[in-house]
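Me: Please take a close look at one part of this structure, the surroundings of the ligand, and then work outward from there. I am new to it, so explain the terms as you go.

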Amino acid sequence: MKKVRRQDSVQEKVFANLDIRANDVEKTVNRGDVLVVIDVLRCGSTIVTALENGAKEVIPTKTIREAHMLHKKNSEFLLAGERKGLKPKGFDLGNSPLEFSFKTVKEKHVILTTTSGTKAICLSKNARWVLIGAFVNAEAVAKTAFEIAEKEKIGISFVLSGTRGRFSLEDFMCAGAIVKNLPADKIECSDAVLAASLTFQQSCRRLTEIIQLGSHGRYLEAIGHEEDVKFCCKLNAYSAVPVFKAESIVLLALGEERTFS
Ligand code: MLT
């Protein structure tokens, strides 16, 4: 009997991988995939909203100190972020996507530092492609990630920012929401991706309610950010696809994925 190598049956497909913890991001970068960094509550949703509302760029930093230093050199930039969910002293904005309105961010450069999300993004900087995904842009980011992966014959890897290094339900489910928008017949999912996908499919009709049950959802509500949690659960509200390159997150221009090399 002719032996069928496992690889033969899946050769033409795009592999989708998922790393449960953002601490594993170095391993992910080495895979050479398109990275989709997810932080639903709230960093990723805030970045998508800021760019959708006309911000020129979002510059992520790992620490408050780095953010202050950058702001010192560029005092016209907006200084934004959070620690323990709250706006740090002296900052212009917190990390609520609702603060990043058209009126506030149009044409502005934004420096953003958050507990887990901007760290995961900064740790991904050596990857060739880093996209920012959230529920609010799940469909758009899926289409772009797939287009790049297929063209460059690479995989797609989801990086879950989580909460201070821990697994988070909302980021896991968001990976599932993005997978739902990938062409099923052209994708080969790892078990972790499959689990995210099944979890999302089971729960998508009660998305907000379920995200509110998660530990970070509960925490944000306890400190008065209930509206943020609801907003971050708005599936496909936006078409913005943020891309991180050269230390800055900008909007991926239409067609850029076809010409960017
Ligand atoms: C983070 O990056 O840790 C989060 O966005 C925290 C938050 O909810 O502001």
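Reply: The residues around the ligand, meaning those with a heavy atom within 4 Å of it, are Asp39, Leu41, Arg42, Cys43, Glu82, Asn95, Thr114, Thr115, Ser116, Gly117, His216 and Leu220. This is a predicted model, in which local features need pLDDT of at least 70 and side-chain atom pairs count only at pLDDT 80 or more, while totals for chains, interfaces and linings use all residues. Residues are numbered from 1 along each chain as its sequence is written, and side-chain values use heavy atoms, with hydrogens and water left out.

The shell around the ligand consists of three nonpolar, six polar and three charged residues. Here Ala, Val, Leu, Ile, Met, Phe, Trp, Tyr, Cys and Pro count as nonpolar, Asp, Glu, Lys and Arg as charged, and the others, Gly among them, as polar.

Some polar contacts can be listed; a polar contact is a pair of N or O atoms within 3.5 Å, and within protein one must be able to donate a hydrogen and the other to accept it, with residues adjacent in sequence counting only if both atoms are side-chain atoms. A side-chain N or O atom of Thr114 is 2.6 Å from an oxygen atom of the ligand. At Ser116 a polar backbone atom is 2.8 Å from a ligand oxygen, and at Gly117 a backbone N or O atom lies 2.7 Å from a ligand oxygen. The ligand taken alone exposes 270 Å², and the protein buries 96% of that; accessible areas come from the Shrake-Rupley method with a 1.4 Å probe, and for residues only the protein chains shown count as cover.

Two of the shell residues, Leu41 and Arg42, are joined by a cis peptide bond, with omega near -5 degrees. Most residues other than glycine have a negative phi, and most peptide bonds are trans. Arg42 lies in the loop between S2 and helix H3 (43–52); helices (H or I, at least four residues) and strands (E, at least two) are DSSP runs, numbered from the N terminus. Strand S2 (residues 34–38) contains Val37, which is buried at a relative accessible area of 2%. Buried means under 20% relative accessible area, exposed over 50%, and partly exposed in between (1.4 Å probe, protein chains only).

Further along, Lys84 sits in the loop between strand S4 (78–81) and helix H5 (102–105). Lys84 is not a glycine, yet has a positive phi of about 55 degrees, and Lys84 is exposed, with a relative accessible area of 67%.

Helix H6 (117–123) is followed by a loop that leads to strand S6 (129–133) and holds Ser124. Ser124 is buried, with a relative accessible area of 0%, and a polar atom of the Ser124 side chain lies 2.7 Å from the backbone oxygen of Ala120.

Lastly, the interior. A nonpolar core is a set of buried Ala, Val, Leu, Ile, Met, Phe, Trp, Tyr and Cys residues joined through side-chain atoms within 4.5 Å. The largest has 44 residues, and Ile38, Phe135, Phe158 and Ile178 have the most contacts inside it. Helix H7 (residues 138–152) gives the largest share of this core, eight residues. Another core, apart from it, has 26 residues, among them Ala120 and Leu78. After H7 comes Lys153, whose phi is positive, near 55 degrees.
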